[in-house]
Structures are given as C-alpha cells and as structure tokens.
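Hi,

Here is the structure I promised to pass on. Have a look at it first, and then read on for my notes.

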Amino acid sequence: MGNALRSVMAFIPSERCQRFLVGDLKEMPFDRAVDLSSRQLRRLPSPVCVFGELVKLYLSDNNLNSLPPEVQSLRKLQLLALDFNCFDELPEVVCRLTHLNILYLGNNRLYRLPRELEDLKELNTLWLETNCFTQFPQVVCELSNLKTLHLGYNQIRSLPPELGGLGELRSIWLAGNQLSEFPSVLLEMQFLAVVDVDRNKIRYFPRLSHLQGLKLVIYDHNPCVNAPVIADGARRVGRWADNSDEEEDEEDDTKAKYRDIFIRFK
C-alpha cells in the first residue's frame, strides 16, 4: 500500500505531496549527503537543487528519466547515484557537475553517452552495468582519471585501442557481454589489477603473466579451452565443465568476495 501511494503522489506536484515523498528538505544535511533512493520519484524535487554545498546525492531505484537544468547548481557534488531508473540517455546537465568522482548509472536503458562526459575530468569510478550498450562508449577513453569501470551485462563485442590510454585504470568489469576474444588492448595495460570477463564467449586466453600489476582475473563461464597463465601472486577465478557442484559453489563464493571489495557505498 505504501509503495502504491508513493507512486500516485509522485505524479502530484504540490508541495505537500513532495514533502510526503522526500521529507522536509529545508536545511543542508550535516554530512552534505541526500538519499532519495526508492521513493517512486518521477522528477527530482526542486528543494534538492538549493543545496549548493551538497557532496553526495543518491537517487537510486526511482522512476526518473530526466533531470532539471537546476541540477547544475550542485557544483560541489562528488557522488551521484542514478542507477535503477529509466534513463534512455544521460542528461547533459550531469556533465556540468565537474567535481564528480563517482557516477552510478547501472540498470537503466542507456545505449550511448554524450560527448560532454569528457568534461568530468575528476571522475574515477563509473558504473554502467546492465544497460543497452552494443558498442563500447568511446568517450570513456577521454576520462583520464578513471580507476574503476564497470560495463558488465551489456552487449559489447570489442574494446577500442584508445582504452589503453587510461593510465590510472586499475579495475575493469566486463562480465556478461559478447566478447569472443580476450581484448588485445588489455594485454598492453600493465597497471591493471582486476580484469573480469566472466560470462562472455572467449574460447582462448593469451598469456597474462607479463601483466605484473594483475591481482585478479575472473574468466568463469567462457567456452575456453585453456586457463589464462598469470604471474605469481595473482589469482584466477574460473572453472571447467568437469568440476563438482561443491567446486562450483566455492568459485561463486570467491567471485562474490572479490566483487564485494568494490561494493557501491564504500
């Protein structure tokens, strides 16, 4: 009943209804963070845009498909969570938030990113999992400070050579895509620590032992004929068709443990 009522009131623009959905937003929170996740919102409440000192804004799990121009007044915003919404395209106003460090866009309907995203020079974490990308979004290669990129569960078939220019990138998550070969550009990225290509279509893995920075490679659920050779001290997560159920469960637990390191709200 509560969610149904929220869903109805999300359509009603009156101040009273908005207070019901988001609470009484009159003063800047002491931690400079606002969490409006799971409120059945269809538009961003206007009081939020008054907080020019806001650092974190969580809008996850709503029904948003656009943002008002007033969002650009949040000049000091460092974290923006827009995952689990209804965005077909990323609102360009997000690209004006030039102090963003972390941007969560997973579980939307995105199929491309605006060229203006390259203006987010301080962005170091970008989550784009479970969207509608059929090609790697080229503008990501312009994000020179990017450290973590999550592009899992899209329909991507290859990675561009320009990705190798991201010298700060340490982890790339590509599970659940359409890669038929291990991306050659990753073989040149000595600084990578985590590579996840779980649930793709890779049949053969080249040697990865020259990647001295590599700590973890997840290659499970590929039709591969070999396991990747890695340097001493690195960890592989993968299994073969003749593993027992117990071994498969153990591998799944291992993957979950490593992925928890990169959990969203750290």
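Below is what I found, going from the whole chain down to single residues.

First, keep in mind that this is a predicted model. The chain has three helices and 10 strands. If you follow the sequence, the order is α-α-β-β-β-β-β-β-β-β-β-β-α. Of its 266 residues, 50% count as buried. The accessible surface comes to about 13200 Å², and carbon and sulfur atoms hold 48% of that. As for contacts with a separation of 6 or more, 26% are between residues 24 or more positions apart.

Now for a residue on the inside. Leucine 103 sits in strand 4, which covers residues 102-104. Its relative accessible area is 0%, so leucine 103 is buried. Which residues does leucine 103 touch, once neighbours within four places in sequence are left aside? They are Leu80, Val94, Leu117, Leu120, Leu123, Thr125, Leu126 and Trp127. Take threonine 125 from that list: 22 residues separate it from leucine 103 in sequence, while the C-alpha atoms are 6.3 Å apart in space.

Asparagine 200 is worth a click too. You'll find it in the loop between strand 8 (194-196) and strand 9 (216-218). Is asparagine 200 buried or exposed? Its relative accessibility is 6%, and because that is under 20%, asparagine 200 counts as buried. A polar atom of its side chain lies 3.0 Å from the backbone nitrogen of leucine 179. The backbone nitrogen of glutamine 178 is also met by the side chain of asparagine 200, with a polar atom 3.3 Å away. Beyond its neighbours within four places in sequence, asparagine 200 is in contact with Leu174, Ala175, Gly176, Asn177, Gln178 and Leu179, and also with His221, Asn222 and Pro223.

On to the charged pairs. The count comes to six salt bridges. One of them joins the side chains of arginine 112 and glutamate 89, at 3.2 Å from N to O. Arginine 112 lies in the loop between strand 4 and strand 5 (125-127), and glutamate 89 in the loop between strand 3 (79-81) and strand 4, so this pair ties together parts that are 23 residues apart in sequence. Both ends are partly exposed: arginine 112 has a relative accessible area of 40%, and glutamate 89 is at 35%.

Another salt bridge links the side chains of arginine 115 and glutamate 118, at 3.3 Å. Arginine 115 is partly exposed at 45%, and glutamate 118 is partly exposed at 23%.

Then there is glutamate 168 with lysine 147, whose side chains meet in a salt bridge at 4.0 Å, N to O. Glutamate 168 is in the loop between strand 6 (148-150) and strand 7 (171-173), and lysine 147 is in the loop between strand 5 and strand 6, so the bridge connects parts 21 residues apart in sequence. Glutamate 168 is partly exposed at 32%, and lysine 147 is partly exposed at 36%. Elsewhere, Arg32, Glu53 and Lys76 are joined into one network by salt bridges that share partners.

Last, the cysteines. How many disulfides does the structure hold? Zero. Two cysteines to look at are cysteine 95, buried at 3% relative accessibility, and cysteine 224, buried with a relative accessible area of 10%.

Cheers

Technical notes: Residues numbered from 1 in each chain as written. Predicted model: local features only at pLDDT ≥ 70, side-chain atom pairs only at ≥ 80, totals over all residues. Heavy atoms only, no water. Helix = DSSP H or I, 4+ residues; strand = E, 2+ residues; numbered from the N terminus. Buried < 20%, exposed > 50% of the residue type's maximum accessible area, 1.4 Å probe, protein only. Polar contact = N/O pair within 3.5 Å; in protein donor to acceptor, adjacent residues only side chain to side chain. Contact = heavy atoms within 4.5 Å. Disulfide = S-S within 2.5 Å. Areas by Shrake-Rupley, 256 points an atom, 1.4 Å probe, with all protein chains shown as cover.
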